[in-house]
Amino acid sequence: MRETRMASVLLIDDDTELSGLLGAYLEGEGLAVTLAPDGEAALTALAGTRFDIAVLDVMMPRLNGLEVLRRIRRDSDIPVLLLTARGDEIDRIAGLDLGADDYLAKPCSPGELAARLRAILRRTGPSLRPHGEQAFGPLVLDTDRRLASWNGEAVALTGIEFNILEALTARKGVAVSRKDLSQEGLGRPLAPYDRALDVHISSIRQKLGTFADGRSPIQSVRGIGYQFVLE
């Protein structure tokens with residue numbers, strides 16, 4: 001029988017008691033957890049070990065979570081789930097702009113955290129994606145290596161951004177609802193007043209650039225969602 005490797009999680013939080021409780025729960029759910037008590041320890045761990053996903057608390061002393069995320073995104077596309085203060089929309093939007101894949105408000109239940117992590121891992125695991133290189137005008141998606149390019153230039157997408165773009169290009173020219181994009185891209189239902197999807201779309205637009213006439217390949221469809229268009 002073939003062994004299945006446990007997904008590895010780096011849990012970054014200065015609240016060691018909470019981290020211990022969450023880590024124990026996640027390990028009970030079949031995840032391999034490494035704890036990092038601060039941002040510097042997290043960056044050291046990431047430099048020496050490849051993890052499948054990171055859980056990052058925003059509110060940490062000295063090196064806060066947003067700065068840690070900024071440094072992670074310099075050279076890594078590891079999926080990152082932010083833990084933010086409940087109701088702190090500014091940190092959530094800033095984190096998504098910096099490349100976080102999703103967020104969860106603290107205090108959170110261990111069960112919800114585990115569910116969010118599994119949802120992200122399902123959608124960032126290469127074995128679950130279609131294979132091959134696909135061209136959509138100036139955009140090329142390499143679904144084997146999960147890479148993208150625009151007019152021959154590499155585009156640095158996060159895992160969630162790649163999922164969203166893949167969902168849009170699979171139905172090019174057709175409006176895809178925000179509900180479907182949230183489920184397929186973020187791995188969770190669209191919640192009321194949830195702006196995570198829109199922030200990810202904005203980031204993708206900025207990274208891809210525009211057609212010669214100035215239009216974005218991702219168009220908003222009022223009352224529905226978004227669609228990918230060709231020149």
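**Entry 1: the loop after E5**

I began at proline 107, which I found in the loop between E5 and helix H5 (110–124). The model I am reading is a predicted one. I looked up the peptide bond that joins lysine 106 and proline 107 and noted that it is cis, with omega about -5°.

I then followed the side chain of lysine 106. Lysine 106 makes a salt bridge with aspartate 57, and the closest N and O atoms lie 3.6 Å apart. I recorded that this pair links distant parts of the chain, since lysine 106 belongs to strand E5 (residues 102–106) and aspartate 57 to strand E3 (residues 53–57), 49 residues apart. Is aspartate 57 buried or exposed? I entered it as buried, because its relative accessibility is 3%.

**Entry 2: salt bridges**

I looked up the total for the structure and noted 16 salt bridges. Two further pairs were examined one by one.

Glutamate 67 forms a salt bridge with arginine 70, with 2.5 Å between the closest N and O atoms. I placed both residues in helix H3 (residues 65–72); because they are 3 residues apart there, about one helical turn separates them. Arginine 70 has 38% relative accessibility, so I listed it as partly exposed.

For arginine 188 and aspartate 194, I noted a salt bridge whose closest N and O atoms are 2.4 Å apart. Arginine 188 is buried, at 6% relative accessibility. Which residues form a network of salt bridges with Arg188 and Asp194? I wrote down Asp102, Glu112 and Arg116.

**Entry 3: aspartate 194**

I returned to aspartate 194 and located it in the loop between helix H7 (178–186) and H8. Its relative accessible area is 8%, so I entered aspartate 194 as buried, the limit being under 20%. The side chains of aspartate 194 and arginine 188 are also joined by a polar contact of 2.4 Å. Leaving aside residues up to four places away in sequence, I found that aspartate 194 touches Tyr103, Arg178 and Arg188.

**Entry 4: H6 against H8**

I next looked up the packing of helix H6 (residues 159–170) with helix H8 (residues 196–208) and recorded an angle of about 85°, the axes being 10 Å apart. I therefore described H6 and H8 as roughly perpendicular to each other, as the angle falls in the range 65 to 115 degrees.

Which residues of H6 meet H8? On the H6 side I listed Ile160, Glu161, Ile164, Leu165 and Leu168. On the H8 side I listed Leu197, His200, Ile201, Ser203, Ile204, Lys207 and Leu208. Sorted by class, the contact of H6 with H8 comprises 8 nonpolar, 2 polar and 2 charged residues.

**Entry 5: positive phi values**

I closed with two residues on either side of E8, arginine 146 in the loop between strand E7 (139–142) and strand E8 (147–150), and asparagine 151 in the loop between E8 and strand E9 (153–155).

Arginine 146 has a phi near 55°, a positive value in a residue other than glycine. Asparagine 151 is not a glycine either, and I noted a positive phi of about 50° for it. Which residue is buried and which is exposed? Arginine 146 is buried, because its relative accessible area is 13%. Asparagine 151 is exposed, because its relative accessible area is 56%.

Technical notes: Residues are numbered from 1 along each chain as its sequence is written. This is a predicted model: local features need pLDDT of at least 70, side-chain atom pairs count only at pLDDT 80 or more; totals for chains, interfaces and linings use all residues. Side-chain values use heavy atoms; hydrogens and water are left out. A salt bridge is a side-chain nitrogen of Lys or Arg within 4 Å of a carboxyl oxygen of Asp or Glu. Helices (H or I, at least four residues) and strands (E, at least two) are DSSP runs, numbered from the N terminus. Buried means under 20% relative accessible area, exposed over 50%, partly exposed in between (1.4 Å probe, protein chains only). Axes are lines fitted to C-alpha atoms, for helices over the stretch in contact, and angles run from 0 to 180 degrees between N-to-C directions. Angles under 35 degrees count as roughly parallel, over 145 as roughly antiparallel, 65 to 115 as roughly perpendicular and the rest as oblique. Contact means heavy atoms within 4.5 Å. Ala, Val, Leu, Ile, Met, Phe, Trp, Tyr, Cys and Pro count as nonpolar, Asp, Glu, Lys and Arg as charged, and the others, Gly among them, as polar. A polar contact is a pair of N or O atoms within 3.5 Å; within protein, one must be able to donate a hydrogen and the other to accept it, and residues adjacent in sequence count only if both atoms are side-chain atoms.
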